[in-house]
Amino acid sequence: MKLVVDENIEFAKEAFSLFGQTILLPGREITNEVLKDADILIVRSVTNVGEKLLNGTSVKFVGTATIGTDHIDLNYLNYRNIRFADAKGCNAFAVAEYFLTALMKVCSDEKISLQDKSIGIIGVGNVGSKVAKFSELLGLKILRNDPPLERKNPHEKFYSLDEALQCDIVTLHVPLTFKGYDKTFHLLNENNLMKIKDGAILINTSRGAVVDNKSLRKIVTGKNLHLIFDVWENEPDLDLSLLERVKIGTPHIAGYTLEGKVNGTIIIFDALNSFLGTDYQFDFTLPPVKNNILSYNKNIFDEQEFSNLLSEIYNIETDNDQMKKMLYFGREDRIKYFDTMRKYYPLRREFNNYIVKSDSQQLMKIFKGLRFKVN
Ligand SMILES: NC(=O)c1ccc[n+]([C@@H]2O[C@H](COP(=O)([O-])OP(=O)(O)OC[C@H]3O[C@@H](n4cnc5c(N)ncnc54)[C@H](O)[C@@H]3O)[C@@H](O)[C@H]2O)c1
Ligand SMILES: O=C(O)[C@H](O)[C@H](O)COP(=O)(O)O
């Protein structure tokens with residue numbers, strides 16, 4: 001049995017070698033040639049999997065250790081009777097925690113109070129529903145926009161896209177799709193971007209092409225938008241003039257907690273066992289976090305204090321500083337640098353590994369809701 005696995009998958013060699021000969025490769029270097037006699041292909045989001053890659057190969061199972069599946073031609077896999085598994089939900093908490101850390105950082109830097117503010121959440125699935133829960137804990141007024149979900153739940157309250165765009169904060173959590181009534185390619189475009197409020201915070205952690213980056217770049221300064229962007233059109237060759245204008249820019253790492261990555265491996269490991277009818281076991285237990293006690297020194301919710309606490313776990317400013325270095329490189333180096341930042345991304349652990357100390361019952365309720373251990 002021959003497996004070809006993206007080298008950036010956590011525990012790739014140790015776990016998948018149990019199944020057979022495992023070749024690790026950078027995701028962008030997985031070719032049709034390499035797959036000629038392979039049985040199993042396990043990728044991340046940077047490998048486009050379709051006819052060009054799989055034609056004439058012996059691949060029978062494709063797994064992606066990611067939530068998004070826009071890099072996979074599912075019709076082709078179906079046509080070739082190739083079994084497919086994705087890792088739905090694996091890094092949903094990681095993205096929600098990124099959202100919160102980035103939002104608090106911008107609010108504290110720009111002296112924006114969250115009191116009486118509204119948030120439009122576009123796409124309320126695994127990630128969006130966690131973002132909604134976090135937003136509720138912060139006391140934000142929530143406008144959920146999700147037409148496919150609305151059709152399934154006609155009695156629940158949803159808002160139109162235009163209404164969601166009118167909020168003080170707008171955040172995107174949709175899959176990237178190119179066809180059909182709900183297609184999300186350029187969901188935000190030259191026709192509706194102008195509807196976003198002046199001074200609003202716009203967050204994209206979904207896929208770059210959900211927002212028409214060129215149209216956004218033209219209006220961002222005039223409308224004084226505060227942009228938090230983790231995903232970009234044409235990654236890794238992104239629009240530098242947009243990068244220049246974002247408050248926080250990161251290289252598609254919102255989902256990159258250790259837990260998020262390992263969950264992805266576990267889901268695909270289990271799917272492969274079930275496809276092959278095997279029962280290989282691997283110990284995916286993660287080490288405990290050292291120095292995991294945090295203190296919050298106020299008795300009220302305070303944007304600055306809260307942001308300081310979150311930055312003890314995840315210093316998003318460092319990610320932004322690293323990313324902005326791209327502005328000074330030539331095109332080829334820039335493209336390589338984007339992948340390098342992702343490959344060597346520092347260790348980030350999720351909130352539920354940390355203990356927060358505070359005397360306020362009200363704050364404890366918020367911290368518990370965010371999955372912190374409280375003391
Ligand atoms: N930046 C990152 O690191 C990162 C990490 C994980 C996921 N993602 C992206 O986030 C996306 C969402 O993840 P998820 O786990 O919440 O997916 P999900 O499938 O659980 O939820 C997506 C939701 O979007 C809704 N939707 C679809 N089309 C829509 C439209 N036109 N308008 C409004 N809503 C629409 C769906 O009905 C669904 O409820 C993924 O598809 C992936 O592309 C990015
Ligand atoms: O869809 C996802 O799960 C994320 O976008 C994922 O974290 C992207 O990371 P990559 O697969 O490119 O390493």
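Ile355 has Lys373 in strand E14 as its bridge partner, a good place to start looking around this predicted model. Strand E13 (residues 355-357) and E14 run parallel and are joined by two bridges. From there, this briefing moves through the two sheets, the domains, the two ligands and finally His252.

**The three-stranded sheet**

- Strands E12, E13 and E14 form an open sheet in the order E12-E13-E14, and their pairing is parallel.
- Its edges are strand E12 (293-295) and strand E14 (373-374), each of which pairs on one side only.
- Helix H12 (residues 303-313) lies across E12 and E13. The direction of H12 is at about 165° to E12.

**The six-stranded sheet**

- A second topic is the open sheet of six strands, which are ordered E7-E6-E8-E9-E10-E11 with parallel pairing.
- Here the edge strands are strand E7 (141-145) and E11, and each pairs on one side only.
- Four bridges link strand E6 (residues 118-122) with strand E8 (residues 169-172) in the parallel sense. Across this pair, Ile119 stands opposite Ile169 in E8.
- Helix H5 (residues 92-110) packs on this sheet and touches E6, E8, strand E9 (201-204), strand E10 (226-229) and E11. Its direction makes about 155° with that of E10.
- Helix H6 (residues 126-137) also packs on the sheet, with contacts to E6, E7 and E8. The angle between the directions of H6 and E6 is about 170°.

**Domains**

- The protein is divided into domain 1 (2-86 + 257-276), domain 2 (91-253 + 320-345) and domain 3 (293-314 + 352-374).
- Taken over C-alpha atoms, the centres of domain 1 and domain 3 are 39 Å apart.

**Ligand 1**

- Ligand 1 has 26 residues around it, and those that come nearest are Asn126, Val127, Asp146, Asp182 and Asp230.
- Two backbones offer polar atoms here: a polar backbone atom of Val127 is 2.8 Å from an oxygen atom of the ligand, while a backbone N or O atom of Asp182 lies 2.8 Å from a nitrogen atom of ligand 1.
- On the side-chain side, an N or O atom of Arg207 is 3.4 Å from an oxygen atom of ligand 1.

**Ligand 2**

- The residues surrounding ligand 2 are Arg44, Ser45, Thr66, Ile67, Gly68, Asn91, Arg207, His252, Tyr256 and Arg342.
- Oxygen atoms of ligand 2 lie 2.4 Å from a polar side-chain atom of Arg44 and 2.6 Å from a polar side-chain atom of His252.
- Gly68 takes part through its backbone, with an N or O atom 2.8 Å from an oxygen atom of ligand 2.

**His252**

- His252 sits in the loop between strand E11 (248-249) and helix H11 (258-276).
- Its relative accessibility is 12%, so His252 counts as buried, the limit for that label being under 20%.
- Leaving aside residues up to four places away in sequence, His252 touches Ser45, Arg207, Asp230, Val231, Glu235, Phe338 and Arg342.
- With one of these, Arg207, the side chain of His252 makes a side-chain polar contact at 3.3 Å.
- Arg207 is worth a second look on screen: its side chain has an N or O atom 3.4 Å from an oxygen atom of ligand 1, and Arg207 is also among the residues surrounding ligand 2.
- Asp230 is another link to follow, since this residue is touched by His252 and belongs to the group that comes nearest to ligand 1.

Conventions:
Residues numbered from 1 in each chain as written. Chains lettered and ligands numbered in written order. Predicted model: local features only at pLDDT ≥ 70, side-chain atom pairs only at ≥ 80, totals over all residues. Heavy atoms only, no water. Buried < 20%, exposed > 50% of the residue type's maximum accessible area, 1.4 Å probe, protein only. Polar contact = N/O pair within 3.5 Å; in protein donor to acceptor, adjacent residues only side chain to side chain. Contact = heavy atoms within 4.5 Å. Domains from an automatic or database assignment. Pairing = 2+ DSSP bridges. Axes fitted to C-alpha atoms, helices over the stretch in contact; angles between N-to-C directions. Near = heavy atom within 4 Å.
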